[in-house]
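Reader: I would like a close look at a single part of this structure, taken slowly and set against the rest of the chain. Please keep to what the model itself supports.

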Amino acid sequence: MTFEAYEAVVDDSGYEARGRERQALSLGIDRLERLQKGRASFEDQVQSLLYVRRLWTIFIEDLAHPENGLPEKLRADIISIGLWVVKEADRLREEKSNDVMQLIEINRMIRDAL
């Protein structure tokens with residue numbers, strides 16, 4: 001395999017990974033939008049918030065990994081956003097907040113930036 005062919009495979013796999021991240025964020029956004037519209041049972045509310053929390057925990061763990069290729073400052077900034085998302089999802093689940101819109105907006109911005 002030539003170096004150029006290897007680079008193409010690496011670029012394709014990065015593109016595919018971003019596509020999976022976009023899909024995962026879109027699913028979380030859909031679930032949060034159902035909560036905002038009041039179309040979710042209590043169980044669905046809890047599961048939706050746990051989904052968003054788990055998703056961002058995975059992102060944070062990946063960003064914290066030393067082999068992550070993003071610049072350190074960008075990784076730190078996204079980790080900060082992720083920690084806020086996790087905290088806000090917990091506040092919603094514990095009924096200490098009822099503002100789902102902020103979570104939706106942050107997830108949309110990150111998804112659209114991928």
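Which residue follows helix 3, and what is the sign of its phi? Please begin there, and then work outward through the helix and its surroundings.

Author: The model is a predicted one, and what follows should be read in that light. Helix 3 is followed by Glu95, whose phi is positive, near 60°.

The helix that comes before Glu95 covers residues 72-93. Its 22 residues should span 32 Å at 1.5 Å a residue, and because the C-alpha atoms at its ends are 31 Å apart, the expected and the modelled lengths agree. Along helix 3, the buried residues are Arg75, Ile78, Ile79, Gly82, Val85, Val86, Glu88, Ala89, Asp90 and Leu92, a list in which Arg75, Glu88 and Asp90 count as charged. The cover over these buried residues includes helix 2 and helix 4.

To place the helix in its chain: the protein has 4 helices and 0 strands, and reading along the sequence gives the pattern α-α-α-α. Of the 114 residues in the chain, 33% are buried. Among contacts with a separation of 6 or more, 52% are accounted for by residues 24 or more positions apart. The accessible surface of the chain comes to about 7,600 Å², and 53% of that surface belongs to carbon and sulfur atoms.

Helix 3 also takes part in the lining of two pockets. The largest pocket holds about 550 Å³ of space. It is lined by 17 residues, of which Glu21, Leu63, Asn68, Leu70 and Leu114 are the closest to its centre. Helix 1 (3-36), helix 2, helix 3 and helix 4 (100-113) each supply at least two residues of this lining, and by residue type the lining divides into 10 nonpolar, 3 polar and 4 charged.

The second largest pocket has a volume of about 200 Å³. Its lining is made of 14 residues, and the closest to the centre are Leu35, Gln45, Leu49, Leu92 and Val100; Leu92 in that group is also one of the buried residues of helix 3. Helix 2 and helix 3 each supply at least two residues here, although helix 2 gives the most, with 4 residues. The division by type in this second lining is 7 nonpolar, 4 polar and 3 charged.

Since helix 2 is part of the cover over helix 3, two of its residues deserve a word. Val46 lies in helix 2, which runs over residues 42-64. With a relative accessible area of 18%, Val46 counts as buried, because the cut-off for that term is under 20%. Val46 and Leu35 are 11 residues apart in sequence, and their C-alpha atoms are 9.8 Å apart in space. Ser48 lies in helix 2 as well, and its relative accessible area of 0% makes it buried. Leaving aside residues up to four places away in sequence, Ser48 touches Arg31, Arg34 and Leu35.

Leu35 therefore recurs in this account: it is touched by Ser48, and it is listed with the residues closest to the centre of the second largest pocket. On the side of helix 3, Leu92 is in that list too, and beyond the end of the helix comes Glu95 with its positive phi, the point from which this description began.

Definitions and conventions: Residues numbered from 1 in each chain as written. Predicted model: local features only at pLDDT ≥ 70, side-chain atom pairs only at ≥ 80, totals over all residues. Heavy atoms only, no water. Buried < 20%, exposed > 50% of the residue type's maximum accessible area, 1.4 Å probe, protein only. 1 Å grid on protein atoms, 1.4 Å probe; cavity = no way out; pocket = protein on both sides within 12 Å on 5 of 7 lines; lining within 4 Å. Points joined across faces, edges and corners; volume = space filled by probe spheres on them. Contact = heavy atoms within 4.5 Å. Expected span 1.5 Å × (residues − 1). Areas by Shrake-Rupley, 256 points an atom, 1.4 Å probe, with all protein chains shown as cover.
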